[in-house]
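Open the model in your viewer and keep the selection tool at hand. We will go from stop to stop, and at each one you pick something and look.

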Amino acid sequence: MSDPKKRTVIVSAVMLLALVLAGSHPVCAQTLRAVKERGTLNCGVSQGLLGFSSMDDKNIWTGFDVDICRAVAAAIFGDPNKVSFIPLDAASRFAALQSNQIDVLSRNSTWTMSRESSLGLMFAGVAYYDGEGFLLRRDTGIDTALQLGGKTVCTQTGTTTELNLSDYFRANDMTLKVLALGTAEESRTAYDDRKCDVLTSDVSQLYSERLKLSAPDSHIILPEVISKEPLGPAVRQGDDQWFNLVKWTLYSLINAEELGVKSTSVDDAIKSPNPHIRRLIGTEGEFGDQLGLANDWAARALRAVGNYGEIYERNVGTQSKLSIPRGLNALWTQGGIQYAPPIR
Ligand SMILES: N[C@@H](CCC(=O)N[C@@H](CS)C(=O)NCC(=O)O)C(=O)O
(Lines give C-alpha, C1' and ligand atoms only; values in the text may rest on other atoms or scores of the structure.)
Protein backbone atom coordinates (compact mmCIF):
# COMPACT_ATOMS: atom_id res chain seq x y z
CA MET A 1 0.00 0.00 0.00
CA SER A 2 1.81 3.09 -1.22
CA ASP A 3 -0.71 5.86 -0.40
CA PRO A 4 0.06 6.98 3.17
CA LYS A 5 -3.41 8.60 3.50
CA LYS A 6 -5.14 5.31 2.61
CA ARG A 7 -2.90 3.47 5.08
CA THR A 8 -3.79 5.91 7.88
CA VAL A 9 -7.52 5.43 7.16
CA ILE A 10 -7.23 1.62 7.26
CA VAL A 11 -5.12 1.61 10.46
CA SER A 12 -7.65 3.95 12.13
CA ALA A 13 -10.56 1.73 11.03
CA VAL A 14 -8.85 -1.38 12.46
CA MET A 15 -8.18 0.43 15.74
CA LEU A 16 -11.79 1.61 15.90
CA LEU A 17 -13.06 -1.92 15.26
CA ALA A 18 -10.82 -3.24 18.04
CA LEU A 19 -12.18 -0.63 20.43
CA VAL A 20 -15.80 -1.45 19.49
CA LEU A 21 -15.15 -5.16 19.98
CA ALA A 22 -13.43 -4.51 23.29
CA GLY A 23 -16.43 -2.51 24.43
CA SER A 24 -19.01 -5.05 23.39
CA HIS A 25 -17.25 -8.08 24.92
CA PRO A 26 -16.12 -8.33 28.50
CA VAL A 27 -12.54 -8.93 27.29
CA CYS A 28 -11.25 -9.14 30.82
CA ALA A 29 -13.88 -11.64 31.96
CA GLN A 30 -11.50 -14.46 31.15
CA THR A 31 -10.73 -16.08 34.46
CA LEU A 32 -13.79 -18.33 34.76
CA ARG A 33 -13.39 -19.42 31.16
CA ALA A 34 -9.70 -20.17 31.66
CA VAL A 35 -10.41 -22.10 34.86
CA LYS A 36 -13.14 -24.15 33.17
CA GLU A 37 -10.91 -24.89 30.17
CA ARG A 38 -8.01 -25.87 32.43
CA GLY A 39 -10.29 -28.01 34.57
CA THR A 40 -8.71 -26.83 37.85
CA LEU A 41 -8.59 -23.71 39.94
CA ASN A 42 -5.12 -22.34 40.72
CA CYS A 43 -5.19 -21.16 44.31
CA GLY A 44 -2.31 -19.35 46.06
CA VAL A 45 -1.89 -20.32 49.70
CA SER A 46 0.70 -19.90 52.45
CA GLN A 47 3.68 -22.19 52.65
CA GLY A 48 2.42 -24.11 55.63
CA LEU A 49 0.32 -22.48 58.28
CA LEU A 50 -1.42 -25.10 60.38
CA GLY A 51 -5.20 -24.52 60.46
CA PHE A 52 -5.13 -22.15 57.48
CA SER A 53 -3.20 -23.93 54.75
CA SER A 54 -0.87 -26.84 55.24
CA MET A 55 -0.38 -30.35 53.91
CA ASP A 56 -1.57 -33.18 56.12
CA ASP A 57 0.27 -36.49 56.55
CA LYS A 58 -1.33 -37.79 53.33
CA ASN A 59 0.00 -34.76 51.42
CA ILE A 60 -3.49 -33.28 51.13
CA TRP A 61 -3.88 -29.52 51.55
CA THR A 62 -6.17 -28.65 54.44
CA GLY A 63 -7.18 -25.56 56.36
CA PHE A 64 -9.46 -22.57 56.49
CA ASP A 65 -7.89 -20.73 53.51
CA VAL A 66 -7.71 -24.01 51.58
CA ASP A 67 -11.42 -24.61 52.16
CA ILE A 68 -12.31 -21.22 50.67
CA CYS A 69 -10.63 -22.37 47.44
CA ARG A 70 -12.25 -25.80 47.67
CA ALA A 71 -15.63 -24.05 47.99
CA VAL A 72 -14.93 -22.02 44.83
CA ALA A 73 -13.83 -25.17 42.96
CA ALA A 74 -16.93 -27.05 44.14
CA ALA A 75 -19.16 -24.13 43.08
CA ILE A 76 -17.60 -24.24 39.59
CA PHE A 77 -16.99 -27.94 39.00
CA GLY A 78 -19.07 -29.67 41.68
CA ASP A 79 -15.75 -31.10 42.87
CA PRO A 80 -13.69 -29.58 45.72
CA ASN A 81 -10.60 -31.47 44.56
CA LYS A 82 -10.27 -29.62 41.28
CA VAL A 83 -7.79 -27.19 42.79
CA SER A 84 -4.01 -26.87 42.47
CA PHE A 85 -2.56 -25.26 45.56
CA ILE A 86 0.45 -23.03 44.97
CA PRO A 87 2.38 -22.21 48.15
CA LEU A 88 3.65 -18.63 48.17
CA ASP A 89 5.68 -16.56 50.60
CA ALA A 90 4.52 -13.14 51.70
CA ALA A 91 6.80 -11.24 49.34
CA SER A 92 5.82 -13.07 46.13
CA ARG A 93 2.08 -13.64 46.69
CA PHE A 94 0.73 -10.54 44.92
CA ALA A 95 3.02 -10.87 41.90
CA ALA A 96 1.72 -14.43 41.48
CA LEU A 97 -1.78 -13.04 41.16
CA GLN A 98 -0.75 -10.17 38.88
CA SER A 99 1.09 -12.54 36.53
CA ASN A 100 -1.84 -15.01 36.24
CA GLN A 101 0.09 -17.78 37.99
CA ILE A 102 -2.92 -18.10 40.28
CA ASP A 103 -6.63 -17.31 39.87
CA VAL A 104 -7.23 -16.46 43.49
CA LEU A 105 -5.04 -15.77 46.49
CA SER A 106 -6.36 -17.31 49.69
CA ARG A 107 -3.44 -16.80 51.99
CA ASN A 108 -3.88 -14.92 55.27
CA SER A 109 -3.57 -11.68 53.29
CA THR A 110 -4.79 -8.44 54.77
CA TRP A 111 -7.17 -6.24 52.81
CA THR A 112 -5.52 -2.82 52.71
CA MET A 113 -6.08 0.24 50.57
CA SER A 114 -2.73 0.18 48.76
CA ARG A 115 -3.04 -3.49 47.85
CA GLU A 116 -6.10 -2.46 45.84
CA SER A 117 -5.16 1.05 44.75
CA SER A 118 -1.58 0.33 43.69
CA LEU A 119 -1.29 -3.42 43.08
CA GLY A 120 -4.35 -3.82 40.85
CA LEU A 121 -5.94 -6.39 43.15
CA MET A 122 -9.34 -6.61 44.82
CA PHE A 123 -10.34 -8.35 48.00
CA ALA A 124 -13.55 -10.30 47.58
CA GLY A 125 -14.54 -10.04 51.24
CA VAL A 126 -13.33 -10.74 54.74
CA ALA A 127 -13.04 -14.44 55.48
CA TYR A 128 -11.34 -13.91 58.83
CA TYR A 129 -11.13 -10.80 61.01
CA ASP A 130 -7.69 -10.81 62.56
CA GLY A 131 -5.24 -8.41 64.19
CA GLU A 132 -1.52 -8.31 64.95
CA GLY A 133 -0.30 -9.62 68.29
CA PHE A 134 2.86 -10.63 70.14
CA LEU A 135 4.08 -14.00 71.39
CA LEU A 136 6.89 -14.40 73.92
CA ARG A 137 8.22 -16.70 76.61
CA ARG A 138 6.00 -16.93 79.68
CA ASP A 139 9.04 -16.77 81.97
CA THR A 140 9.93 -13.23 80.84
CA GLY A 141 7.18 -12.06 83.20
CA ILE A 142 6.02 -9.49 80.62
CA ASP A 143 2.25 -9.24 80.44
CA THR A 144 1.67 -6.15 78.28
CA ALA A 145 3.05 -5.06 74.94
CA LEU A 146 3.95 -1.71 76.49
CA GLN A 147 6.84 -3.49 78.24
CA LEU A 148 8.44 -4.59 74.95
CA GLY A 149 10.74 -1.55 74.52
CA GLY A 150 14.31 -2.62 73.68
CA LYS A 151 13.30 -6.22 72.81
CA THR A 152 14.22 -7.86 69.51
CA VAL A 153 11.11 -8.77 67.51
CA CYS A 154 11.02 -11.36 64.72
CA THR A 155 8.77 -10.56 61.80
CA GLN A 156 8.38 -11.28 58.12
CA THR A 157 9.27 -9.06 55.15
CA GLY A 158 6.57 -7.88 52.75
CA THR A 159 3.81 -7.99 55.36
CA THR A 160 1.56 -5.48 57.05
CA THR A 161 3.00 -6.95 60.25
CA GLU A 162 6.35 -5.21 59.91
CA LEU A 163 4.68 -1.87 59.11
CA ASN A 164 2.31 -2.02 62.12
CA LEU A 165 5.19 -3.03 64.33
CA SER A 166 7.22 0.08 63.65
CA ASP A 167 4.07 2.28 63.97
CA TYR A 168 3.25 0.79 67.36
CA PHE A 169 6.74 1.14 68.81
CA ARG A 170 7.06 4.69 67.48
CA ALA A 171 3.63 5.72 68.80
CA ASN A 172 4.52 4.37 72.24
CA ASP A 173 8.03 5.82 72.20
CA MET A 174 9.70 2.43 72.61
CA THR A 175 13.02 1.31 71.12
CA LEU A 176 12.52 -1.41 68.53
CA LYS A 177 15.02 -3.98 67.30
CA VAL A 178 13.63 -5.91 64.34
CA LEU A 179 14.79 -9.18 62.87
CA ALA A 180 12.91 -9.37 59.55
CA LEU A 181 13.00 -12.76 57.85
CA GLY A 182 11.78 -14.13 54.51
CA THR A 183 9.37 -16.85 55.60
CA ALA A 184 7.19 -17.67 58.59
CA GLU A 185 9.30 -20.75 59.23
CA GLU A 186 12.48 -18.68 59.42
CA SER A 187 10.81 -16.27 61.86
CA ARG A 188 9.58 -19.10 64.06
CA THR A 189 12.94 -20.89 64.04
CA ALA A 190 14.79 -17.67 64.86
CA TYR A 191 12.45 -17.12 67.81
CA ASP A 192 12.78 -20.73 68.97
CA ASP A 193 16.58 -20.35 68.75
CA ARG A 194 16.32 -17.19 70.90
CA LYS A 195 17.62 -14.91 68.14
CA CYS A 196 14.69 -12.68 69.02
CA ASP A 197 12.71 -12.23 72.23
CA VAL A 198 9.31 -11.76 70.63
CA LEU A 199 7.48 -13.16 67.62
CA THR A 200 4.88 -10.93 66.00
CA SER A 201 2.26 -11.84 63.44
CA ASP A 202 -1.51 -11.97 62.96
CA VAL A 203 -2.89 -13.48 66.18
CA SER A 204 -4.35 -16.48 64.34
CA GLN A 205 -0.86 -17.25 63.03
CA LEU A 206 0.64 -16.98 66.48
CA TYR A 207 -1.79 -19.69 67.65
CA SER A 208 -0.64 -21.79 64.74
CA GLU A 209 3.09 -21.11 65.11
CA ARG A 210 2.99 -21.72 68.86
CA LEU A 211 2.05 -25.36 68.22
CA LYS A 212 5.27 -25.81 66.25
CA LEU A 213 7.59 -24.38 68.91
CA SER A 214 9.67 -26.79 70.97
CA ALA A 215 7.63 -26.23 74.16
CA PRO A 216 4.29 -24.69 73.08
CA ASP A 217 2.94 -24.24 76.63
CA SER A 218 5.82 -22.05 77.69
CA HIS A 219 4.80 -19.19 75.37
CA ILE A 220 2.01 -16.69 75.81
CA ILE A 221 0.22 -14.34 73.45
CA LEU A 222 -0.04 -10.85 74.94
CA PRO A 223 -3.54 -9.33 75.21
CA GLU A 224 -2.89 -6.32 72.95
CA VAL A 225 -4.05 -6.52 69.34
CA ILE A 226 -2.29 -3.62 67.64
CA SER A 227 -3.92 -3.55 64.20
CA LYS A 228 -6.87 -4.50 62.05
CA GLU A 229 -6.05 -7.43 59.76
CA PRO A 230 -9.13 -8.26 57.71
CA LEU A 231 -7.99 -11.38 55.84
CA GLY A 232 -9.71 -12.56 52.70
CA PRO A 233 -9.41 -13.94 49.19
CA ALA A 234 -8.00 -11.57 46.57
CA VAL A 235 -8.36 -11.53 42.78
CA ARG A 236 -7.04 -9.34 39.95
CA GLN A 237 -8.91 -6.18 39.07
CA GLY A 238 -10.69 -6.05 35.71
CA ASP A 239 -12.69 -9.27 35.83
CA ASP A 240 -15.94 -8.45 37.60
CA GLN A 241 -17.50 -11.81 36.84
CA TRP A 242 -14.68 -13.63 38.62
CA PHE A 243 -14.66 -11.15 41.48
CA ASN A 244 -18.41 -11.71 41.97
CA LEU A 245 -18.01 -15.46 41.83
CA VAL A 246 -15.37 -15.55 44.57
CA LYS A 247 -17.15 -12.92 46.66
CA TRP A 248 -20.57 -14.61 46.53
CA THR A 249 -19.14 -18.05 47.15
CA LEU A 250 -17.67 -16.71 50.40
CA TYR A 251 -20.95 -14.94 51.23
CA SER A 252 -22.96 -18.08 50.49
CA LEU A 253 -20.95 -19.92 53.17
CA ILE A 254 -21.65 -17.18 55.72
CA ASN A 255 -25.32 -16.89 54.75
CA ALA A 256 -25.66 -20.67 55.05
CA GLU A 257 -24.47 -20.58 58.63
CA GLU A 258 -26.96 -17.84 59.41
CA LEU A 259 -29.75 -19.88 57.79
CA GLY A 260 -28.69 -23.09 59.57
CA VAL A 261 -27.78 -24.94 56.36
CA LYS A 262 -24.92 -27.39 56.94
CA SER A 263 -22.95 -29.84 54.81
CA THR A 264 -25.16 -32.60 56.18
CA SER A 265 -28.46 -30.78 55.72
CA VAL A 266 -28.13 -29.53 52.12
CA ASP A 267 -30.49 -32.24 50.86
CA ASP A 268 -33.13 -31.28 53.45
CA ALA A 269 -32.61 -27.62 52.50
CA ILE A 270 -33.59 -28.47 48.92
CA LYS A 271 -37.08 -29.27 50.24
CA SER A 272 -37.26 -26.14 52.40
CA PRO A 273 -40.10 -23.66 51.80
CA ASN A 274 -37.98 -20.82 53.33
CA PRO A 275 -37.35 -18.35 50.46
CA HIS A 276 -33.91 -17.33 51.81
CA ILE A 277 -32.82 -20.96 51.84
CA ARG A 278 -34.38 -21.61 48.44
CA ARG A 279 -32.41 -18.75 46.85
CA LEU A 280 -29.20 -19.92 48.54
CA ILE A 281 -29.64 -23.52 47.47
CA GLY A 282 -30.79 -22.66 43.97
CA THR A 283 -34.32 -24.04 44.10
CA GLU A 284 -35.54 -20.49 43.44
CA GLY A 285 -34.01 -17.79 41.22
CA GLU A 286 -31.17 -17.77 38.71
CA PHE A 287 -28.35 -16.67 40.97
CA GLY A 288 -25.84 -19.32 39.88
CA ASP A 289 -26.57 -18.60 36.25
CA GLN A 290 -25.83 -14.92 36.85
CA LEU A 291 -22.34 -15.95 38.03
CA GLY A 292 -21.76 -18.19 35.01
CA LEU A 293 -22.41 -21.30 37.13
CA ALA A 294 -25.12 -23.88 37.75
CA ASN A 295 -27.95 -22.65 39.97
CA ASP A 296 -26.99 -25.10 42.72
CA TRP A 297 -23.47 -23.54 42.93
CA ALA A 298 -23.79 -22.75 46.64
CA ALA A 299 -25.29 -26.17 47.45
CA ARG A 300 -22.24 -27.72 45.77
CA ALA A 301 -19.86 -25.61 47.85
CA LEU A 302 -21.75 -26.40 51.07
CA ARG A 303 -21.82 -30.13 50.44
CA ALA A 304 -18.07 -30.04 49.90
CA VAL A 305 -16.81 -27.92 52.80
CA GLY A 306 -19.81 -27.01 54.97
CA ASN A 307 -20.96 -23.56 56.00
CA TYR A 308 -18.70 -20.83 57.40
CA GLY A 309 -19.13 -22.03 60.99
CA GLU A 310 -18.26 -25.60 60.06
CA ILE A 311 -15.16 -24.42 58.18
CA TYR A 312 -14.11 -22.28 61.14
CA GLU A 313 -14.66 -24.92 63.82
CA ARG A 314 -13.06 -27.75 61.89
CA ASN A 315 -9.87 -25.87 61.00
CA VAL A 316 -9.17 -23.25 63.65
CA GLY A 317 -12.01 -23.33 66.18
CA THR A 318 -12.68 -25.34 69.26
CA GLN A 319 -12.79 -28.64 67.36
CA SER A 320 -9.26 -28.04 66.09
CA LYS A 321 -5.78 -28.06 67.61
CA LEU A 322 -5.64 -24.27 67.40
CA SER A 323 -8.82 -23.78 69.45
CA ILE A 324 -9.24 -20.08 68.59
CA PRO A 325 -12.49 -18.64 70.00
CA ARG A 326 -14.88 -17.30 67.33
CA GLY A 327 -14.57 -13.73 68.69
CA LEU A 328 -15.08 -11.16 65.91
CA ASN A 329 -15.65 -14.02 63.49
CA ALA A 330 -18.92 -15.03 65.10
CA LEU A 331 -21.96 -14.10 63.03
CA TRP A 332 -23.43 -10.64 63.59
CA THR A 333 -26.46 -12.42 65.08
CA GLN A 334 -24.21 -13.97 67.72
CA GLY A 335 -22.11 -11.05 68.87
CA GLY A 336 -19.51 -11.07 66.09
CA ILE A 337 -19.13 -9.05 62.90
CA GLN A 338 -19.38 -11.72 60.20
CA TYR A 339 -22.21 -10.40 58.06
CA ALA A 340 -22.98 -11.39 54.48
CA PRO A 341 -25.22 -9.35 52.19
CA PRO A 342 -28.39 -11.20 51.18
CA ILE A 343 -28.81 -13.41 48.14
CA ARG A 344 -31.75 -11.91 46.31
N1 LIG B 1 -1.76 -10.55 57.13
C2 LIG B 1 -0.44 -10.01 56.94
C3 LIG B 1 0.66 -11.02 57.24
C4 LIG B 1 0.64 -12.18 56.30
C5 LIG B 1 1.86 -13.09 56.34
O6 LIG B 1 2.38 -13.45 55.30
N7 LIG B 1 2.33 -13.49 57.49
C8 LIG B 1 3.42 -14.42 57.57
C9 LIG B 1 3.89 -14.50 58.96
S10 LIG B 1 4.18 -12.92 59.69
C11 LIG B 1 2.91 -15.77 57.08
O12 LIG B 1 1.76 -16.01 57.02
N13 LIG B 1 3.63 -16.70 56.71
C14 LIG B 1 3.06 -17.97 56.38
C15 LIG B 1 3.88 -18.62 55.36
O16 LIG B 1 4.81 -17.99 54.86
O17 LIG B 1 3.59 -19.77 55.04
C18 LIG B 1 -0.29 -9.49 55.52
O19 LIG B 1 -1.19 -9.71 54.70
O20 LIG B 1 0.73 -8.86 55.22
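Select helix α9, residues 240–259. Is this helix mostly covered or mostly open? It is mostly covered. Of its 20 residues, 14 are buried. Keep in mind that you are looking at a predicted model.

Now check the length of α9. At 1.5 Å a residue, its 20 residues should span 28 Å. The expected span is 1.5 Å times one less than the number of residues. The C-alpha atoms at the two ends of α9 are 27 Å apart, so the model agrees with the expectation.

Step just past the end of α9. Gly-260 is there, with a positive phi of about 75 degrees.

**Zoom out**

Show the whole chain. How many helices and strands does the chain have? Count 14 helices and 14 strands. Along its principal axes, the C-alpha trace spans about 80 × 65 × 40 Å. The chain has 344 residues, and buried ones make up 49% of them.

**The ligand**

Select the ligand next. The space it takes is the largest pocket. Which elements give two or more residues to the shell around it? They are α6 (160–171), β11 (198–202) and β13 (229–231). Colour these three and look at how they are placed.

Now show the residues around the ligand. There are 20 of them. The closest are Gln-47, Asn-108, Thr-110, Asp-202 and Gln-205.

Pick three side chains in turn:

- Asn-108: an N or O atom of its side chain is 2.6 Å from an oxygen atom of the ligand.
- Arg-107: a polar side-chain atom lies 2.8 Å from a ligand oxygen.
- Arg-93: a polar side-chain atom lies 2.9 Å from a ligand oxygen.

How much of the ligand does the protein bury? Taken alone, the ligand exposes 500 Å², and the protein buries 98% of that.

**Two leucines**

Select Leu-49. Find it in the loop between β1 (41–45) and β2 (54–55). Is Leu-49 buried or exposed? Its relative accessible area is 3%, and buried means under 20%, so Leu-49 is buried. Add Gln-205, one of the closest residues to the ligand. Leu-49 and Gln-205 are 156 residues apart along the chain, yet their C-alpha atoms are separated by 7.2 Å.

Go to Leu-328, in the segment after α14 (308–315). Leu-328 has a relative accessible area of 48%, so it counts as partly exposed. Now draw a distance from Leu-328 to Leu-199. These two are 129 residues apart along the chain, and their C-alpha atoms are separated by 23 Å.

**Two positive phi values**

Before the last stops, a general point. Most residues other than glycine have a negative phi.

Select Asn-100, in the loop between α4 (93–98) and β5 (104–105). Asn-100 is not a glycine, but its phi is positive, about 70 degrees. Show the surface here. At 48% relative accessibility, Asn-100 is partly exposed.

Finish at Asp-173, in the loop between α6 and β10 (177–181). What is the phi of Asp-173? It is near 55 degrees, a positive value in a residue other than glycine. Is Asp-173 buried or exposed? Its relative accessibility is 74%, and exposed means over 50%, so Asp-173 is exposed.

Terms used. Residues are numbered from 1 along each chain as its sequence is written. Side-chain values use heavy atoms; hydrogens and water are left out. Helices (H or I, at least four residues) and strands (E, at least two) are DSSP runs, numbered from the N terminus. Buried means under 20% relative accessible area, exposed over 50%, partly exposed in between (1.4 Å probe, protein chains only). A residue is near a molecule or strand if one of its heavy atoms lies within 4 Å of it. A polar contact is a pair of N or O atoms within 3.5 Å; within protein, one must be able to donate a hydrogen and the other to accept it, and residues adjacent in sequence count only if both atoms are side-chain atoms. Accessible areas come from the Shrake-Rupley method with a 1.4 Å probe; for residues, only the protein chains shown count as cover. On a 1 Å grid over the protein atoms alone, a cavity is a set of points where a 1.4 Å probe fits but cannot get out, and a pocket is an open set with protein on both sides within 12 Å along at least five of seven lines; lining residues have an atom within 4 Å of a point. A molecule sits in a cavity or pocket if more than half of its atoms lie within 2 Å of its grid points.
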